[in-house]
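Here are my notes for someone opening this one for the first time. Have the viewer ready and follow the points in order.

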Amino acid sequence: MCIRDRDQTVAVYRIQGIIDGTASETFAAFADEVVRDGDIKAVLLRVESPGGTVSDSDRIHAQVKRIRDAGKKVVVSMGGVAASGGYYVSAPADEIFAEPTTITGSIGVLMNWIVLEKALEHIGVEPVTIKSRRTADWKDEVSPFRGPTEPQREHLLSVLDEIQARFEQIVRDGRGDRLRTRVVSETDTEPFNGKVYLAEEAKRLGLIDSIGYQSEAVDRAARLAGLREPRVVRYKRRKSVFERLIGAESPPALGISAETLESLQTPRVLLMWKAQ
């Protein structure tokens with residue numbers, strides 16, 4: 001490759017699996033490199049994700065906007081699933097491609113946790129929670145030991161509704177006049193109702209621009225950037241020395257790790273499409 005061709009670079013990056021802290025941190029490092037590198041004129045994001053946490057999806061979204069603000073063209077190529085948080089991170093792109101069988105949409109927010117109250121009663125365990133007096137009504141509104149009271153449920157719903165409003169605005173800002181909303185009922189407006197869509201319907205609603213595969217999306221990114229002889233460079237996260245040394249961890253003998261126990265007690269606010 002001639003030196004003069006280096007400024008024809010299309011950087012390809014895959015956002016795959018659950019969007020979590022690792023995903024947002026590694027993407028931020030990629031965005032830093034893209035913004036600094038004057039040879040990179042376009043970015044192709046291959047998104048294959050059902051979503052993840054609100055904060056990490058929001059961080060990646062901000063970095064995608066930062067790449068665009070730096071004058072780089074951004075095109076998304078959706079894989080089998082690019083829903084909820086997977087769509088959230090895609091929304092700022094210049095153009096979005098989906099494959100014919102891509103599942104996308106799921107513009108919504110959920111919170112879930114496990115309530116162990118009846119199980120603990122069955123085995124004769126009584127949990128004890130002591131709260132400071134000022135926080136008695138709210139400190140444990142999300143508790144694995146009991147369901148929320150009605151005021152607590154209403155408060156949590158108001159939090160989710162605020163995040164939902166942000167999600168909707170991000171989609172409106174990203175898609176602009178390409179977006180086609182459709183009122184189904186007083187409480188149901190597509191595509192802001194949490195539904196998932198295949199590519200044809202997603203295109204009718206303006207959630208995507210084109211139906212095609214990754215190679216077509218790469219070509220489109222190059223054209224948008226005005227590249228005559230595009231040089232495609234694929235980026236991926238490097239494992240740390242520690243990760244390479246220890247390899248995959250063996251599961252605990254009982255199949256219950258410290259992370260699993262912690263997750264049972266930690267509520268999660270998610271932008272994710274999954275079976276409930």
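**Notes on the core, helices, turns and charge pairs**

1. Let's start inside. Leu 45 touches Tyr 13, Phe 27, Phe 30, Val 64, Val 74, Val 75, Val 76 and Ser 77, leaving aside residues up to four places away in sequence; a contact here means heavy atoms within 4.5 Å. Leu 45 is also among the residues that touch the most other members of the largest nonpolar core, along with Phe 27, Phe 30, Val 43 and Leu 207. That core has 45 residues. A nonpolar core is a set of buried Ala, Val, Leu, Ile, Met, Phe, Trp, Tyr and Cys residues joined through side-chain atoms within 4.5 Å. Buried means under 20% relative accessible area, exposed over 50%, and partly exposed in between (1.4 Å probe, protein chains only).

2. A word on what you are looking at. This is a predicted model, in which local features need pLDDT of at least 70 and side-chain atom pairs count only at pLDDT 80 or more, while totals for chains, interfaces and linings use all residues. Residues are numbered from 1 along each chain as its sequence is written, and side-chain values use heavy atoms, with hydrogens and water left out.

3. The overall picture: the protein chain has nine helices and 13 strands. Those are DSSP runs numbered from the N terminus, helices being H or I with at least four residues and strands E with at least two. Of its 276 residues, 41% count as buried. Among contacts between residues at least 6 apart in sequence, 77% join residues at least 24 apart. The chain exposes about 15,900 Å², and carbon and sulfur atoms supply 51% of that; the areas come from the Shrake-Rupley method with a 1.4 Å probe, and for residues only the protein chains shown count as cover.

4. Next, helix 5 (residues 150–175). Its 26 residues reach 37 Å from first C-alpha to last, close to the 38 Å expected at 1.5 Å a residue; the expected span is 1.5 Å times one less than the number of residues. Its buried residues include Leu 156, Leu 160, Ile 163, Phe 167 and Val 171, but also Gln 152, Glu 168 and Arg 175. Just after the helix, Gly 176 takes a positive phi of about 60 degrees.

5. Helix 2 (residues 54–69) has 16 residues, and its end C-alpha atoms are 22 Å apart, in agreement with the expected 22 Å. Val 64, one of the contacts of Leu 45, is among the buried residues of this helix. Gly 71, just after helix 2, has a positive phi of about 90 degrees. Within the helix, Asp 56 and Arg 59 form a salt bridge at 2.7 Å, N to O. By salt bridge I mean a side-chain nitrogen of Lys or Arg within 4 Å of a carboxyl oxygen of Asp or Glu. The two are about one helical turn apart, because they sit three residues from each other in helix 2. Asp 56 is buried at 8% relative accessibility, whereas Arg 59 is partly exposed at 48%.

6. Where is Glu 190 in the strand pairing? Strand 8 (residues 182–185) runs antiparallel to strand 9, with three bridges between them; two strands pair if DSSP finds at least two bridges. Glu 190, in strand 9, is the bridge partner of Arg 182. A hairpin of two residues joins the strands.

7. Stay with Glu 190. A cis peptide bond joins Glu 190 and Pro 191, with omega about 5 degrees. Glu 190 is buried at 3% relative accessibility and forms a salt bridge with Lys 195, the closest N and O atoms being 2.7 Å apart. Salt bridges with shared partners join Arg 182, Glu 190, Lys 195, Glu 201 and Arg 204 into one network.

8. Two serines are worth a look. Ser 84 has a positive phi of about 50 degrees although it is not a glycine, and Ser 84 is buried at 0% relative accessibility. Ser 106, also not a glycine, has a positive phi of about 55 degrees and is buried at 6% relative accessibility.
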